[in-house]
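Biologist: I am new to this structure and would like to learn how to read it one feature at a time. Could we go through it slowly, with the general idea before each case?

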Amino acid sequence: MKLTYYGQSTVELVADGKKLLFDPFITPNELAKHIDVNSFKPDYILVSHGHGDHVADLVTIAKSSGAKVICIAEIAGWLGKQGVDNVHGMNIGGGFNFDFGRVKMVNAIHSSTMPDGSAGGNPAGFLIYSEGKVIYFAGDTALTYDMKLLADENLDWALLPIGDNYTMGADDAIKAAAFINCKNIIGVHYDSFPVIAIDKDEVAGKFIKAGLNLKLPAIGESLDI
């Protein structure tokens with residue numbers, strides 16, 4: 001698999017030849033201003049919740065690419081009102097098999113409202129089962145005991161928020177890594193705004209001390225995972 005980071009929580013995962021784009025927030029992100037939003041041609045878009053820093057480019061990319069959007073049922077309904085019909089609604093605890101593999105929607109502790117004030121349903125994370133691997137995209141979340149339910153999933157990689165203030169910070173993300181029994185972590189949801197800016201060296205040191213493999217790719221950088 002190949003994963004490319006585009007800032008905040010926006011990542012593209014290539015799984016079994018299909019492009020999966022998570023939480024598209026590119027055009028309003030000053031750190032990602034060199035990224036051309038028109039270049040995205042995903043096969044699927046996965047949406048963790050309705051906040052603007054996760055859905056800012058959702059409708060634009062969904063319409064231009066024809067991608068199928070995988071999201072909570074309430075966001076699926078909202079998308080229909082925006083003229084996006086290629087949508088697969090899910091809910092917490094449910095799973096579904098797609099042509100690249102299986103997706104399971106799991107719990108996240110956060111809030112969720114669409115940019116226009118509409119209800120965004122419950123926030124969520126995703127488990128991606130593809131190519132014999134399991135990837136956990138936590139979405140925006142606090143540290144939660146529900147993460148311990150993932151300990152026997154044999155996770156290969158986990159994408160965890162580390163920016164603090166709106167989500168868990170680095171210290172709780174390290175605890176989360178222990179809860180989910182995963183040593184390979186990609187940090188997301190940091191630096192996009194002053195209130196979630198981090199000291200990368202300090203954070204990296206904490207993860208090393210905990211025996212974890214933390215990756216903080218630059219915006220536009222790709223990793224083989």
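Biologist: Let me begin with a cysteine: is cysteine 182 buried or exposed?

Modeller: Please keep in mind throughout that this is a predicted model. A residue is called buried when its relative accessible area is under 20%. Cysteine 182 has 2% relative accessibility and therefore counts as buried, and cysteine 71, with a relative accessible area of 0%, is buried as well.

Biologist: How many disulfides does a search of the whole structure find?

Modeller: The search of the whole structure finds 0 disulfides.

Biologist: How should I read the sheet that holds strands E7 to E13, and in what order do its strands lie?

Modeller: The thing to follow is which strand lies beside which. Here 7 strands form an open sheet in the order E7-E8-E9-E10-E11-E12-E13, and their pairing is mixed. Strand E7 (95–98) and strand E13 (213–215) stand at the edges with a single partner strand each, so one side of each is left without a neighbour in the sheet. On average, and with direction ignored, neighbouring strands of this sheet are turned by 20° against each other.

Biologist: In which sense do E7 and E8 pair, and over how many bridges?

Modeller: E7 and E8 pair in the antiparallel sense, over 4 bridges. To find the pairing in the model, you can look for phenylalanine 98, whose bridge partner in E8 is glycine 101.

Biologist: Which strands does helix H4 lie across?

Modeller: H4 lies across strand E10 (133–137), E11 and strand E12 (184–188), and the helix runs at about 150° to E11.

Biologist: Within strand E8, where would I find valine 106, and which residues does valine 106 touch?

Modeller: Strand E8 spans residues 101–107, and valine 106 has its place there. At 11% relative accessibility valine 106 counts as buried, and, leaving aside residues up to four places away in sequence, valine 106 touches Ile92, Ala124, Gly125, Phe126, Leu127, Tyr136 and Leu150. Separation along the chain is another thing to read: serine 118 is 12 residues apart from valine 106 along the chain, and the C-alpha atoms of the two are separated by 22 Å.

Biologist: What is the general idea behind a nonpolar core, and which residues of the largest one touch the most other members?

Modeller: In soluble globular proteins, nonpolar side chains tend to be buried together. The largest nonpolar core in this model has 78 residues, of which Ile128, Tyr136, Leu160 and Phe207 touch the most other members. H4 supplies the largest share of this core, 7 residues. If residues up to four places away in sequence are not counted, isoleucine 128 has contacts that include Leu13, Leu20, Phe22, Leu46 and Phe100.

Biologist: Leu13 takes me back towards the start of the chain; how many of the residues of strand E2 are buried?

Modeller: Strand E2 (residues 11–15) has 4 of its 5 residues buried, so E2 is largely enclosed by the rest of the structure. Strand E1 (residues 2–5) pairs with E2 in the antiparallel sense over 4 bridges, and leucine 3 stands opposite leucine 13 in E2. E2 is also joined to strand E3 (residues 18–22) by 5 bridges, and these two strands run antiparallel; there, lysine 18 in E3 is the bridge partner of alanine 15.

Biologist: What should I look for in the turns between these strands, and what is the sign of phi at aspartate 16?

Modeller: Most residues other than glycine have a negative phi, and most peptide bonds are trans. In the hairpin of E2 and E3, with 2 residues between the strands, aspartate 16 in the turn has a positive phi of about 50°. The hairpin of E1 and E2 has 5 residues between its strands, and glycine 7 takes a positive phi near 95° in that hairpin. Glutamine 8, found in the loop between E1 and E2, has a positive phi of about 50° although it is not a glycine, and glutamine 8 is buried, with a relative accessible area of 0%.

Biologist: Where is aspartate 191 placed, and is aspartate 191 buried or partly exposed?

Modeller: Aspartate 191 has its place in the loop between E12 and helix H5 (200–209). At 24% relative accessibility aspartate 191 counts as partly exposed, and its phi is positive, at about 70°, although it is not a glycine.

Methods
Residues are numbered from 1 along each chain as its sequence is written. This is a predicted model: local features need pLDDT of at least 70, side-chain atom pairs count only at pLDDT 80 or more; totals for chains, interfaces and linings use all residues. Side-chain values use heavy atoms; hydrogens and water are left out. Buried means under 20% relative accessible area, exposed over 50%, partly exposed in between (1.4 Å probe, protein chains only). Contact means heavy atoms within 4.5 Å. Two strands pair if DSSP finds at least two bridges between them. A nonpolar core is a set of buried Ala, Val, Leu, Ile, Met, Phe, Trp, Tyr and Cys residues joined through side-chain atoms within 4.5 Å. A disulfide is a pair of cysteine sulfur atoms within 2.5 Å. Axes are lines fitted to C-alpha atoms, for helices over the stretch in contact, and angles run from 0 to 180 degrees between N-to-C directions.
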